[in-house]
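Work through the exercises below with the sequence and the model open. Try each task before reading its solution.

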Amino acid sequence: RAQGNTRRLKQVFSRMQSGEEVTVAYLGGSITEGYLVNSVQNYAYKTTAWLKQTFGNSKIKHINAGLSGTSSTIGLLRVEQDVLDESPDLVFVEFAVNDASDTTSKMMYESLLARILNSETAPAVVLIITVLENGYTCEDHMSAIGEAYQLPMISVNAALSSELSSGALSWADYAKDGAHPNNQGHTYIAEFIEYLFADIIVEQTVDEEMDYTTCKKFGDAYSGMN
């Protein structure tokens with residue numbers, strides 16, 4: 001996991017702490033949607049529940065904008081209606097097992113992140129990078145984009161691969177098939193997010209606000225797409 005620039009996240013945590021209404025959105029594919037588990041078993045639901053409990057704030061609004069079989073290109077086409085129109089304060093983005101690695105796909109993903117970061121409510125963005133049983137993931141280019149924009153990132157891939165290779169975990173402990181986490185797998189993802197956030201909450205240092213319009217890895221030429 002990588003913390004990146006935590007200024008926006010800290011601002012969101014501060015508002016949660018003071019009992020303000022805060023909107024948390026999750027944008028991704030079938031893993032985010034919670035395919036093969038029930039509505040309270042997916043990582044998005046569990047993460048919002050943890051935030052409500054941690055900050056004692058029942059006013060945290062939850063939006064699950066996960067949609068099975070969609071890439072970040074589709075995410076870009078629906079982000080306005082499904083996420084940005086809800087004025088989000090914190091957005092998780094998960095497309096690592098749905099995207100391709102050609103140049104256009106890389107730019108679509110970067111354009112999506114730029115679109116969210118530069119939207120009206122200036123939300124914090126956290127990247128969730130997942131992996132398939134066969135090892136497929138877009139981690140290489142997604143983490144490179146995340147670094148260029150100094151975004152907090154969770155590598156489910158890195159966490160799982162060390163556990164799988166040591167034999168501490170089998171793939172069946174995590175997932176119901178080659179892609180989709182079971183209830184325990186979603187708990188793992190939620191816990192990875194909680195560990196990252198717990199570290200950031202206690203840190204005293206405050207980062208400078210980033211100018212995300214100047215960040216670039218592959219380019220955000222598609223960020224205006226509707």
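**Exercise 1. Is alanine 175 buried or exposed, judged by its relative accessible area?**

Solution. This is a predicted model. Start with the value: the relative accessible area of alanine 175 is 7%. The cut-off for buried is under 20%. Alanine 175 is therefore buried. Now place the residue: alanine 175 sits in the loop between H8 and H9. Finally, list its contacts, leaving aside neighbours within four places in sequence. Alanine 175 then touches His180, Pro181 and Asn182.

**Exercise 2. How far apart are alanine 175 and leucine 36, in sequence and in space? Describe leucine 36 as well.**

Solution. Along the chain, 139 residues separate alanine 175 and leucine 36. In space, their C-alpha atoms are 9.6 Å apart. Leucine 36 is in the loop between helix H2 (30-33) and H3. Its relative accessible area is 37%, so leucine 36 is partly exposed. Check the backbone next: leucine 36 has a positive phi of about 80°, although it is not a glycine.

**Exercise 3. Describe the backbone and the exposure of serine 87.**

Solution. Serine 87 is not a glycine, yet its phi is positive, at about 50°. Its place is the loop between helix H4 (72-82) and strand S3 (90-94). With a relative accessible area of 39%, serine 87 is partly exposed.

**Exercise 4. Which residues does serine 30 contact, leaving aside its neighbours within four places in sequence?**

Solution. Locate the residue: serine 30 belongs to helix H2. Check exposure: its relative accessibility is 10%, so serine 30 counts as buried. Read off the contacts: Tyr35, Leu67, Ser68, Gly69, Asn98 and His180.

**Exercise 5. How many aromatic pairs does the structure hold? Analyse the two that involve phenylalanine 13.**

Solution. The count is 6 aromatic pairs. Take phenylalanine 13 with phenylalanine 55. Their ring centres are 5.5 Å apart and their planes meet at 25°. Planes under 30 degrees apart count as stacked, so this pair is stacked. Phenylalanine 13 lies in helix H1 (residues 7-17) and phenylalanine 55 in helix H3 (residues 43-55), so the pair ties together parts that are 42 residues apart in sequence. Both partners are buried: phenylalanine 13 at 4% relative accessibility, phenylalanine 55 at 7%.

Next, pair phenylalanine 13 with phenylalanine 197. The centre-to-centre distance is 5.1 Å and the angle between the planes is 65°. Angles over 60 degrees count as edge-to-face, and this pair is edge-to-face. It links distant parts of the chain, helix H1 and helix H9 (residues 183-202), with the two residues 184 apart. Phenylalanine 197 is buried too, at 0% relative accessibility.

Then widen the view. Phe13, Tyr26, Tyr43, Phe55, Phe92 and Phe197 form one aromatic cluster.

**Exercise 6. Which residues of the largest nonpolar core touch the most other members?**

Solution. Begin with the general trend: in soluble globular proteins, nonpolar side chains tend to be buried together. Here the largest nonpolar core has 36 residues. Met16, Val24, Leu51, Leu90, Phe92, Ile128 and Phe197 touch the most other members. Several elements give two or more residues to this core, including H1, strand S1 (22-28), strand S4 (124-129) and helix H7 (156-166). H9 supplies the largest share, 6 residues.

Follow phenylalanine 197 further. Not counting residues up to four places away in sequence, it touches Leu9, Phe13, Trp50, Leu51, Leu90, Phe92 and Val126. A second, separate core has 31 residues, among them Val93, Ala114, Cys138 and Met210.

**Exercise 7. How many disulfides does a search of the whole structure find? Classify cysteine 138 and cysteine 215 by exposure.**

Solution. The search finds 0 disulfides. Cysteine 138 has a relative accessible area of 1%, so it is buried. Cysteine 215 is also buried, at 12% relative accessibility.

**Exercise 8. Which residue lies over the face of phenylalanine 218? Then describe glutamine 17.**

Solution. Lysine 217 lies over that face, 5.9 Å from the ring centre of phenylalanine 218. Turn to glutamine 17, which is in helix H1. Its relative accessibility is 54%, so glutamine 17 counts as exposed. Its C-alpha atom is separated by 20 Å from that of proline 152, with the two positions 135 residues apart along the chain.

Note on methods: Residues are numbered from 1 along each chain as its sequence is written. This is a predicted model: local features need pLDDT of at least 70, side-chain atom pairs count only at pLDDT 80 or more; totals for chains, interfaces and linings use all residues. Side-chain values use heavy atoms; hydrogens and water are left out. Rings of Phe, Tyr and Trp (its six-membered ring) pair if their centres lie within 6.5 Å; planes under 30 degrees apart count as stacked, over 60 as edge-to-face and the rest as tilted. Helices (H or I, at least four residues) and strands (E, at least two) are DSSP runs, numbered from the N terminus. Buried means under 20% relative accessible area, exposed over 50%, partly exposed in between (1.4 Å probe, protein chains only). A charge sits over a ring if NZ of Lys or CZ of Arg is within 6 Å of the ring centre and within 35 degrees of the ring normal. A disulfide is a pair of cysteine sulfur atoms within 2.5 Å. A nonpolar core is a set of buried Ala, Val, Leu, Ile, Met, Phe, Trp, Tyr and Cys residues joined through side-chain atoms within 4.5 Å. Contact means heavy atoms within 4.5 Å.
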